[in-house]
Amino acid sequence: MAKFLVQKSAPLQGEVEISGAKNAVLPIMAASLLTEENCVIMDTPALRDVDVMCRLLESLGAEIHDKLEENTVEIETKAITKSEAPFELVKKMRASILVIGPLLARTGKATIPLPGGCAIGKRPIELHLKGLRALGVEIQEDSGQQGPLEAKVDRLVGNDVYLDFPSVGATEVIIMTAVLAEGTTVIENAAQEPEIVDLANFLNKMGARIKGAGTDTVKIEGVEKLHGVSHHIIPDRIEAGTFMLSAVITRGNILIKNILPDHVKAITAKLRECGAEIFMTDEGMVVRGDVNPIISTDIKTLPYPGFPTDLQSPFMALLAVSRGPSVVIETVFENRFMHVAEFNRMGANIKTEGNCAIIPGEKQLQGAQVVATDLRAGAALILTGLVAEGTTEVSDIYHIDRGYEKFVEKFRGLGATIIRIED
Ligand code: EPZ
């Protein structure tokens, strides 16, 4: 298995360009199934998850012309030839569940092997199913436990749906199903992530009638048909936050291009509390960790616009070395502290109690052999490797390949010493 070798780095300097958002492009690719016309999606990141989604859509009958080297994917689904998602693809990527909405809207049936939990939590989909049932979908009882999830519907009819938790995936599935339902659907307590706004913008360009995306109440008026469009994906706010942290943890001074400051307000505020200087210029966002002493702050993850759970482990890397103790509370996933054991192998001496982590801070970390336990924890270990004495060897980096495009090249462009070694 491939590994990253990370050396202690001088303060990062220079500029980095953020890629398109993984968590926007995946639902938007699924949504392209809703029309038989051609969709051209641009600024698509060249990631493993995007490749898996391409293969999944092809297995359902889509024609994909992916030019990922040009960050473009063209999708045309004249006819859906299968309404069953293959298990070997679903098990690679939870986001496969997103195709259930378009499959039902186009064919009236869907068979999806349940992706099951993953490292960070059980990740059930009862809210997705609650929304689908509200729109008239029949879900075969106990399906999804023993075998795949079997769903079918004769006529999608709009309805009101309250989400007990503002689930990103459930909000996206309900929107993608309701756009072709008869009548109006209102989602209360909807997720407000920017990726949902990007999905709604894509669907509205296709002829859908969605209002309120990005707020906790989304109203969808069903339409007869949707047409093909071209669309630029928003920048990846989690990748952007990861590079913002890399400048602060190394006491560097970097320019981040292709970033939407409104999408990174929470991370910007917390880094300023730590003493970072952050400001926008015509070219992008300047992040400086070399002006003031870098001190600790507390973090509590929440649904958007709260502090993003996907930046919890990267931010903890900074807190392990910044001045003073801090507390991190993870409220979104029930098991998202696996990186703590890896940080402690490097000398961080972090303690956890339930969804709470206590970080003493001010540690001089030592390079070690560590394992990426999920996509974001892998990124966090690169950050600790940049400031640890000696060399840090990060294995299981296939997680990182899923969500960060050209990660090594981008860090090397900022002066970091990272090499990828293939077994
Ligand atoms: C999306 O996952 C993202 N993935 C995740 O990013 C992100 O961490 C998460 O949203 C939260 O922001 C994609 O967009 C592809 P949720 P999703 O449904 O949709 C519970 C990354 O690193 N829940 O909002 O699966 C669930 O168990 C990934 O890029 C239910 O209980 O997240 C979790 O604890 C990781 N029942 C919480 O809600 C449900 O029916 C958030 O889940 C649905 C969710």
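**Reading the domain contact and the ligand site**

Biologist: Where should a reading of the charged pairs begin, and how many salt bridges does the structure hold?

Modeller: The structure, which is a predicted model, holds 22 salt bridges. As a general idea, side chains of opposite charge can pair when their charged atoms come close. One case is Glu-389 with Lys-8, whose side chains meet at 3.0 Å, N to O. Glu-389 sits in the loop between α12 and β22 (391–395), and Lys-8 in the loop between β1 (3–7) and β2 (13–17), so this pair ties together parts that are 381 residues apart in sequence.

Biologist: Which domains does the assignment give for the protein chain?

Modeller: The assignment gives domain 1 as 3–18 + 235–421 and domain 2 as 22–232. Taken over C-alpha atoms, the centres of domain 1 and domain 2 are separated by 31 Å. To their contact, domain 1 contributes 23 residues and domain 2 contributes 21 residues.

Biologist: How is the extent of such a contact expressed, and what area is buried between domain 1 and domain 2?

Modeller: The size of an interface is often given as the accessible area lost when the parts come together. Here, domain 1 and domain 2 bury about 1800 Å² between them, and carbon and sulfur atoms give 53% of that area. Of the area that domain 1 buries against domain 2, 34% is supplied by Tyr-304, Arg-402 and Glu-405, more than by any other three residues.

Biologist: How many salt bridges and polar contacts cross this interface?

Modeller: The rule finds two salt bridges across the interface of domain 1 and domain 2. It also finds eight residue pairs in polar contact there, with both residues at pLDDT 80 or more.

Biologist: Which helices supply the side of domain 1 that touches domain 2?

Modeller: On that side, α12 (375–387) and α13 (398–403) each supply at least two residues. The most comes from α13, with four residues. By class, the residues of the side of domain 1 that touches domain 2 comprise nine nonpolar, four polar and 10 charged.

Biologist: What of the ligand: which residues come nearest?

Modeller: There are 22 residues around the ligand, and Leu-127, Ser-167, Asp-310, Val-332 and Arg-376 come nearest.

Biologist: Which atoms of Val-168, Gly-169 and Asp-310 face ligand oxygen atoms, backbone or side chain?

Modeller: For Val-168, a polar backbone atom is 2.8 Å from an oxygen atom of the ligand. For Gly-169, a polar backbone atom is likewise 2.8 Å from a ligand oxygen atom. With Asp-310, an N or O atom in the side chain is 2.6 Å from an oxygen atom of the ligand.

Note on methods. Residues are numbered from 1 along each chain as its sequence is written. This is a predicted model: local features need pLDDT of at least 70, side-chain atom pairs count only at pLDDT 80 or more; totals for chains, interfaces and linings use all residues. Side-chain values use heavy atoms; hydrogens and water are left out. Domain bounds come from an automatic or database domain assignment. Contact means heavy atoms within 4.5 Å. Buried area is the accessible area (1.4 Å probe) that two parts lose on being put together, summed over both. A salt bridge is a side-chain nitrogen of Lys or Arg within 4 Å of a carboxyl oxygen of Asp or Glu. A polar contact is a pair of N or O atoms within 3.5 Å; within protein, one must be able to donate a hydrogen and the other to accept it, and residues adjacent in sequence count only if both atoms are side-chain atoms. Ala, Val, Leu, Ile, Met, Phe, Trp, Tyr, Cys and Pro count as nonpolar, Asp, Glu, Lys and Arg as charged, and the others, Gly among them, as polar. A residue is near a molecule or strand if one of its heavy atoms lies within 4 Å of it.
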